[in-house]
Amino acid sequence: TGKFFVGGNWKCNGTKESITKLVSDLNTVKLESDVDVVVAPPFVYLDFVKSSLSERIEISAQNTWVGKGGAFTGEISVEQLKDIGCSWVILGHSERRHIIGEDDQFIGKKAAYALNEGLGVIACIGELLEEREAGKTFDVCFQQLKAYADAVPGWEKMVIAYEPVWAIGTGKVATPEQAQEVHMACRDWLKKNVSAEVASKTRIIYGGSVNGGNCAELAKQEDIDGFLVGGASLKGPEFVTIINSVT
Ligand code: 13P
């Protein structure tokens, strides 16, 4: 299903000093695999990373304003992201859903606006631990998928990131079987509710405690088309191991 895709979500981490080092680590390594690589620094460092990072690696924002810019204090617009050469945006991340309180509808609107303006969208979905334990994993993921499907103008620049909330930042990675089960179910949902073509072409990537040690087994799963990496993407050499995990 498309080219393997590895994203590094730096979240709210880094300083000019640490980011300079990370960029230089990423610039010196040889990326062996034929993989799309995208890193998502905090907004304030996007321009710096774009201008210093190898062109082989694209950059992503971690959020965006929901529409055209203007009198929206503290927000960053899609037009501004494009202006500095940012080509992707992460939307619907669990930290924005559950800590900041963004809902499906708001996230869907953001995705539609960003896609209409030509950005790629890394569209996150994923269940909470209590939802998994209550047997609601598929219901939650399908509802989040439906919100995107109802809103977006097309799927060419959509990448779905399945990130079970209980696996994010916890060191408790989903097993390859657990991840594969949800990825397959989401692909099947796309087939039934969008189209067979979208189901077969849309990359579904996994996120949640991916590291240099567990990436290879996950990458072997039929419906895992890449990763969205948090903590391990802040370490240059380990992130490269993950990028090169598909052979
Ligand atoms: P960790 O890799 O730190 O668990 O974070 C995953 C994530 O949220 C990526 O968006």
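**A colleague's note on this predicted structure**

1. A small loop makes a good place to start: Ser-54 sits in the loop that joins helix 2 (43-52) to strand 3 (58-61). The model is a predicted one. Ser-54 counts as partly exposed, since its relative accessibility is 26%. In sequence Ser-54 and Val-23 are 31 residues apart, while their C-alpha atoms are 8.3 Å apart in space.

2. Next, a residue to set beside that one. Thr-20 belongs to helix 1 (residues 16-28), and it is partly exposed at 39% relative accessibility. Its C-alpha atom and that of Ala-123 are separated by 28 Å, with the two positions 103 residues apart along the chain. Phe-106, in helix 5 (residues 104-116), is partly exposed as well, with a relative accessible area of 29%. Phe-106 and Gly-92 are 14 residues apart in sequence, and 9.0 Å separate them from C-alpha to C-alpha.

3. Now to the aromatic rings. The count of aromatic pairs comes to five. One of them joins Phe-5 and Trp-88 edge-to-face, with 5.1 Å from centre to centre and 75° between the planes. This pair ties together distant parts of the chain: Phe-5 lies in strand 1 (residues 4-9) and Trp-88 in strand 4 (residues 88-91), 83 residues apart. Are these two residues buried or exposed? Phe-5 is buried, with a relative accessible area of 0%, and Trp-88 counts as buried at 8%.

4. A ring can also have a charge for company. The charged end of Lys-16 sits over the ring of Phe-48, at 5.9 Å from the ring's centre.

5. The nonpolar interior deserves a look of its own. Its largest core has 64 residues, and those with the most contacts inside this core are Leu-26, Val-39, Val-49, Val-121, Met-158, Tyr-206 and Phe-227. Leaving aside residues up to four places away in sequence, Phe-227 touches a list of residues including Phe-4, Phe-5, Ile-205, Tyr-206, Leu-218 and Ile-242. Another core, of 11 residues, lies apart from the largest one; among its members are Phe-5, Val-38, Ile-90 and Ala-161.

6. Helix 7 (residues 137-151) is a helpful one to follow by eye. It has 15 residues and reaches 22 Å from first C-alpha to last, close to the 21 Å expected at 1.5 Å a residue. Which of its residues are buried? They are Thr-137, Val-140, Cys-141, Gln-144, Leu-145, Ala-147 and Tyr-148. These buried residues are on the same side of helix 7 because they cover an arc of only 150° around the axis. An α-helix has 3.6 residues a turn, so residues three or four places apart point the same way. Asp-139, Gln-143 and Asp-150 are exposed, on the face of helix 7 turned away from its buried side.

7. Helix 11 (residues 236-243) can be read in a similar manner. Its buried residues are Gly-236, Phe-239, Val-240, Ile-242 and Ile-243. The arc they cover around the axis is only 155°, which puts them on the same side of helix 11. What do the buried residues of helix 11 pack against? Their partners are strand 1, helix 1, strand 2 (35-40), helix 10 (215-219) and strand 8 (226-229).

8. Helix 8 (residues 176-193) offers a check on length. Its 18 residues should span 26 Å at 1.5 Å a residue, and the end C-alpha atoms are 25 Å apart, so the two agree. The buried residues of helix 8 include Ala-179, Val-182, Ala-185, Trp-189 and Leu-190, and also Gln-180, His-183 and Arg-187.

9. Finally, two backbone details to look up in the loops. Lys-11, in the loop between strand 1 and helix 1, has a phi near 50°, a positive value in a residue other than glycine. Lys-11 has a relative accessible area of 19% and is buried, because buried means under 20%. Ser-209, in the loop between strand 7 (203-207) and helix 10, has a positive phi too, near 60°, and is likewise a residue other than glycine. With a relative accessible area of 17%, Ser-209 is buried.

Key:
Residues numbered from 1 in each chain as written. Predicted model: local features only at pLDDT ≥ 70, side-chain atom pairs only at ≥ 80, totals over all residues. Heavy atoms only, no water. Phe/Tyr/Trp six-rings, centres within 6.5 Å; stacked < 30°, edge-to-face > 60°. Helix = DSSP H or I, 4+ residues; strand = E, 2+ residues; numbered from the N terminus. Buried < 20%, exposed > 50% of the residue type's maximum accessible area, 1.4 Å probe, protein only. Lys NZ or Arg CZ within 6 Å of the ring centre and 35° of its normal. Expected span 1.5 Å × (residues − 1). Arc of directions from axis to C-beta. Core = buried A, V, L, I, M, F, W, Y, C linked by side-chain atoms within 4.5 Å. Contact = heavy atoms within 4.5 Å.
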